[in-house]
Amino acid sequence: EEEDGPINLGLDISYGDRFDYGKWTLGFLGAVNYDQGWDTNNEQRNQFTASDGPDGEIVLDPIRQFNVRRSLRDIALSSFVTAEASYTEAHRVQYTGLFVRTSQDETSVDLGIDNNFDGLIQRVLLEWIENDLLMHQLTGANLLPLANIKLDWQITDARARRSSPNTRSYRYNENRDGEFELNPFGNEPNIEFADLIDDSRVYRV
């Protein structure tokens with residue numbers, strides 16, 4: 001069943017400020033971004049095999065011919081915050097936080113013929129993919145007057161994740177009555193789950 005998708009939209013919000021208290025300076029900046037877009041398209045995918053014709057010419061014989069209807073929904077969400085505190089020019093501490101998430105929801109329906117099967121074939125793909133990045137970073141600079149040494153340091157903690165929680169694919173074959181029936185053979189119906197996490201922690205002085 002076909003449905004109309006919601007409108008494309010985007011939203012950006014940001015705010016920052018700075019405060020001075022004697023020798024102390026405090027400041028912060030934050031931003032949030034949200035974007036959602038839809039894209040629907042039709043494709044024609046054909047696959048041929050080459051053979052020699054009766055007069056010696058090369059003939060292309062179709063082995064797969066499918067019309068593909070795809071609907072893609074892309075969602076992007078990101079947030080950024082940074083805050084800094086400094087005491088004169090001798091000491092400074094800064095925190096930075098970043099979160100980015102991109103998601104894609106894909107629905108595709110392939111309808112056509114395959115020489116390996118009789119009648120029309122309909123393939124359906126339902127897929128949701130998420131990519132996340134979360135990062136925390138703390139940096140600082142300290143001037144040690146007795147030793148006349150400036151110490152710069154940094155701590156970074158980050159996690160990247162890619163998740164595909166429930167990818168489903170189905171194949172339907174046309175029967176003698178012109179109706180589509182779920183194919184119980186081969187590798188379809190197929191359900192896949194994927195979750196990849198990469199953690200990183202860095203200390204620098």
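This section describes strand pairing around β6 and the setting of Ser-86 in a predicted model.

Strand β6, which spans residues 149-174, has pairing partners in β5, β8 and β7. With β5 (residues 121-144), the arrangement is antiparallel and comprises 21 bridges. Within this pairing, Ile-121 of β5 lies opposite Asn-173 of β6. The two strands form a hairpin in which 4 residues separate β5 from β6. In that hairpin, Asn-148 adopts a positive phi near 55°.

Pairing between β6 and β8 (residues 190-204) is likewise antiparallel and is made through 14 bridges. One position in this pairing is given by Arg-161, whose bridge partner in β8 is Ile-197.

The pairing of β6 with β7 (residues 180-182) is also antiparallel and involves 3 bridges. Here Asn-173 is placed opposite Glu-181 of β7. Asn-173 thus faces Ile-121 in one pairing and Glu-181 in another. A hairpin is formed by β6 and β7, with 5 residues between the strands. Its turn contains Gly-178, for which phi is positive, at about 80°.

Ser-86 belongs to another strand, β3, which covers residues 58-87. The relative accessibility of Ser-86 is 11%, and the residue is therefore classed as buried, the cut-off being under 20%. When neighbours within four places in sequence are set aside, Ser-86 contacts Lys-23, Trp-24 and Thr-25, together with His-91 and Arg-92.

Note on methods. Residues numbered from 1 in each chain as written. Predicted model: local features only at pLDDT ≥ 70, side-chain atom pairs only at ≥ 80, totals over all residues. Heavy atoms only, no water. Buried < 20%, exposed > 50% of the residue type's maximum accessible area, 1.4 Å probe, protein only. Contact = heavy atoms within 4.5 Å. Pairing = 2+ DSSP bridges.
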